[in-house]
Amino acid sequence: AYPDDLKRALQSLVADPRASISELCQLDSRLGQFYAAALNQFISDHQLDKQQIGAVGSHGQTIRHQPAGDHPCTLQIGDPNIIAATTGLTVVADFRRRDIAVGGEGAPLAPAFHNQVFRSQQVNRAIINIGGIANITGLSADPAQPVSGFDSGPGNCLIDWVCREFFARAYDDNGDLASAGKILAEPLQRILDQEGYFHQLPPKSTGTDYFSPAWLQQSGLLDFDKQDLLATLTELSAISIRQGLDYLPYPVNECYVCGGGAHNSHLMQRLQYHLSDSPLSSTAALGIDPDWVEAMAFAWLAQRTLQGMAGNLPAVTGARGQRILGGIYAGETAAISP
């Protein structure tokens, strides 16, 4: 876990549209140092041989994700040069910008991995990753159907901010706070009707710099009781995920959740309620702990980069074609051919 002071600094950087270049650069370096120290500690704790580690896939921390407009961009920090220099390991990083460079959204990238490990030949599945932002991967049982995937909207980001701001908690443990509040039906429906992102057709992606404290302030929801606010934001996440499933070109038979949202039992209950007849489980039922899926996805993407294989899915991101993603930062002992 990030130390509290580092977490606060990152949250401030994401939320501040006027953040300084100096602050950005220093956090890029600081986060790279943190990742490198965490890796070295992990390797030591588990008595791993660095010679057996092909590479580190480092996604980094997203600071901005703005894939639309005249100058589409995305930025993840956590300097991979520092990670490579401090660990001695080869690092693959900066996965998203190549996809954006060829007209894609740069996100989501995990659907290619979901397809590799979760696709069934018998039933249509949806993999729902609920991090700060929620995203959906559609996996048809028909091998002729391409993988579908997009961000549905906010996952935990707004819930977590309210918990920090008004309850001195990092998150709503099991959804206990939200479950004690009541859903503000009319304001919720207004947001679902008026927020353009929910009505945008895929391919689409968003970020916590969009669904932000400023977005919440503009929504008018902050005027209400804060437990009712949490209940409403939890419902917003559940309903926007459910509505997102309607954008898939086939009905879904099974849904599996990964990411931190899988541990929010109240959110899971509300999502199951809106899914009605589609059974909902965590990806643990498919053999992968929900906390591991995203990390495994970027290890897999790093491997593809090293093998000279594409990592993006144009059907998901809208890119003009498949591309090898990311940059390779050679480890201190890596052999470099002239």
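**Exercise 1. Find which residue of β6 stands opposite Ile130, then work outwards to the sheet around that pair.**

Step 1. Start with the pair itself: Ile130 has Ala134 of β6 across from it. Keep in mind that you're looking at a predicted model.

Step 2. Now zoom out to the two strands. β5 covers residues 125-130 and β6 covers residues 133-139; they pair in the antiparallel sense, with six bridges. As a reminder, strands of a sheet pair through backbone hydrogen bonds, either parallel or antiparallel.

Step 3. Next, see what packs on the sheet. Helix α5 (residues 111-118) touches β5, β6 and β7, and its direction makes about 45° with that of β6. Helix α11 (residues 226-245) packs on the sheet too, touching β5, β6, β7 and β8 (254-258). The direction of α11 makes about 155° with that of β7.

**Exercise 2. Work out the strand order of this sheet and say which strands stand at the edges.**

Step 1. Read across the sheet: the order is β7-β6-β5-β8-β9. That's an open sheet of five strands with mixed pairing.

Step 2. Look for strands with a single partner. Those are β7 (148-154) and β9 (280-282), so each has one side left without a neighbour in the sheet.

Step 3. Add the twist, which averages 25° from one strand to the next.

**Exercise 3. Decide whether Ser152 is buried or exposed, and list what it touches.**

Step 1. Place the residue: Ser152 sits in strand β7.

Step 2. Check the relative accessible area, which is 3% for Ser152. The cut-off for buried is under 20%, so Ser152 counts as buried.

Step 3. List the contacts, skipping residues up to four places away in sequence: Ser152 touches Ala134, Asn135, Ile136, Tyr197, Phe198, Ser240 and Ile241. Ala134 is the residue we met opposite Ile130.

**Exercise 4. Describe the largest nonpolar core and say which residues touch the most other members.**

Step 1. Pick out the best-connected members: in this core of 25 residues, they're Leu216, Leu233 and Leu236.

Step 2. Ask where the members come from. At least two residues each are supplied by α6 (157-167), α7 (176-179), α8 (185-194), α9 (196-199), α10 (213-219) and α11. Helix α6 gives the largest share, six residues.

Step 3. Follow one member. Leaving out residues up to four places away in sequence, Leu233 touches Leu158, Ile159, Val162, Leu216 and Leu221.

Step 4. Don't stop there: another core lies apart from this one, with 21 residues, including Leu139, Trp300, Leu301 and Leu325.

**Exercise 5. Find how β2 and β3 pair and which residue of their hairpin takes a positive phi.**

Step 1. Take the strands: β2 (residues 61-66) and β3 (residues 73-77) run antiparallel and are joined by five bridges. Within that pairing, Thr62 stands opposite Gln76 in β3.

Step 2. Move to the turn. Six residues lie between the strands of this hairpin, and Gly69 takes a positive phi near 95°.

**Exercise 6. Compare the radius of gyration of the chain with that of a compact globule.**

Step 1. Get the reference: for 338 residues, a compact globule would come out near 20 Å.

Step 2. Compare: the chain has 20 Å, which agrees.

Step 3. Round things off with a few totals. The C-alpha trace spans about 65 × 50 × 45 Å along its principal axes, and 49% of the 338 residues are buried. The chain holds 14 helices and 10 strands. Of its contacts between residues at least 6 apart in sequence, 70% join residues at least 24 apart.

Technical notes:
Residues are numbered from 1 along each chain as its sequence is written. This is a predicted model: local features need pLDDT of at least 70, side-chain atom pairs count only at pLDDT 80 or more; totals for chains, interfaces and linings use all residues. Side-chain values use heavy atoms; hydrogens and water are left out. Two strands pair if DSSP finds at least two bridges between them. Helices (H or I, at least four residues) and strands (E, at least two) are DSSP runs, numbered from the N terminus. Axes are lines fitted to C-alpha atoms, for helices over the stretch in contact, and angles run from 0 to 180 degrees between N-to-C directions. Contact means heavy atoms within 4.5 Å. Buried means under 20% relative accessible area, exposed over 50%, partly exposed in between (1.4 Å probe, protein chains only). A nonpolar core is a set of buried Ala, Val, Leu, Ile, Met, Phe, Trp, Tyr and Cys residues joined through side-chain atoms within 4.5 Å. The radius of gyration is taken over C-alpha atoms; the globule rule is 2.2 Å times the number of residues to the power 0.38.
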